[in-house]
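This report describes the fold of a single protein chain, from its overall composition to a few local backbone features. The sequence and the model are shown first.

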Amino acid sequence: MDLACPNCRSDNTQKLSLAVEGGTFSSKATTVGVGATGGSAGLMAASTSGSSTSTLAQKHAAPEKWPVISGGIGIIATSWIASLFAGHWVFLSGCVLAAILAVIGWKYNLKDYPRELAEWNAKFLCLRCSEIFTPDRGAEDAFAVKAEATN
Ligand SMILES: [Zn+2]
């Protein structure tokens, strides 16, 4: 029952949400990038491109809700402008597309988004080898108890 990295067994791990939001990536981005020897092509690319900070933070950013309303308005507005040049069918297909995306987005926000957010919140980052992992449920509970005890 520990929060050690399953890849390298280091206990130098941190909650992923804290790492992303707390700026761990900006101060330790180089270490994380160099540590990624064979695990992830994305991390290797990030470390060589020199923009590892934003890339890593973006790669592991929290899941976001679909912008159903603003996205729909954007599509309809764009297709309306386009229809001035190309004809009414562009506006009509824009409305249909906006409606379809609204349904998909609404379903995602209602069903998948809360689950993805919970999964993301449960993830940990290894500060030694940059492995992203989810500790088992027991470890997570033990961590919570320990955190409460220290407070
Ligand atoms: Zn590790």
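Two strands are taken to pair if DSSP finds at least two bridges between them. By that criterion, the predicted model holds an open sheet of 3 strands, arranged in the order β1-β2-β3 with antiparallel pairing. Strands β1 (13–15) and β3 (132–133) form the edges, each of them pairing on one side only. The contact between β2 (residues 124–126) and β3 consists of 2 bridges, and these two strands run antiparallel. Within this pair, Leu125 is placed opposite Ile132 of β3.

**Overall architecture**

In total, the secondary structure comprises 7 helices and 3 strands. Along the sequence these elements follow the pattern β-α-α-α-α-α-α-β-β-α. The protein has 151 residues, of which 17% count as buried. Among the contacts with a separation of 6 or more, 66% are made by residues 24 or more positions apart.

**Helix α6**

Helix α6 covers residues 88–121. How far apart are its end C-alpha atoms, and does this agree or disagree with the span expected from its 34 residues? At 1.5 Å a residue, the helix should span 50 Å; the end C-alpha atoms are 46 Å apart, which agrees. The helix nevertheless has a kink of about 45 degrees at Asp112, shortly before the proline Pro114.

**Residues with positive phi**

Most residues other than glycine have a negative phi. Two exceptions in this model are Arg9, with a positive phi of about 65 degrees, and Ser130, with a positive value near 70 degrees. The table sets out their phi values and locations.

| Residue | Phi | Location |
|---|---|---|
| Arg9 | about 65 degrees | segment before β1 |
| Ser130 | near 70 degrees | loop between β2 and β3 |

Are these residues buried or exposed? A residue is classed as buried if 20 or more other C-beta atoms lie within 10 Å of its own, and as exposed if 12 or fewer do. Arg9 has 11 other C-beta atoms within 10 Å and is therefore exposed. Ser130 has 27 C-beta neighbours inside 10 Å, so this residue counts as buried. The buried Ser130 thus belongs to the loop that lies between β2 and β3, the two strands joined by 2 bridges, whereas the exposed Arg9 belongs to the segment before β1, an edge strand of the sheet.

Notes:
Residues are numbered from 1 along each chain as its sequence is written. This is a predicted model: local features need pLDDT of at least 70, side-chain atom pairs count only at pLDDT 80 or more; totals for chains, interfaces and linings use all residues. Helices (H or I, at least four residues) and strands (E, at least two) are DSSP runs, numbered from the N terminus. The expected span of a helix is 1.5 Å times one less than its number of residues. The bend at a residue is the angle between axes fitted to the seven residues ending there and the seven starting there. Two residues are in contact if their C-beta atoms, placed from the backbone, lie within 7 Å.
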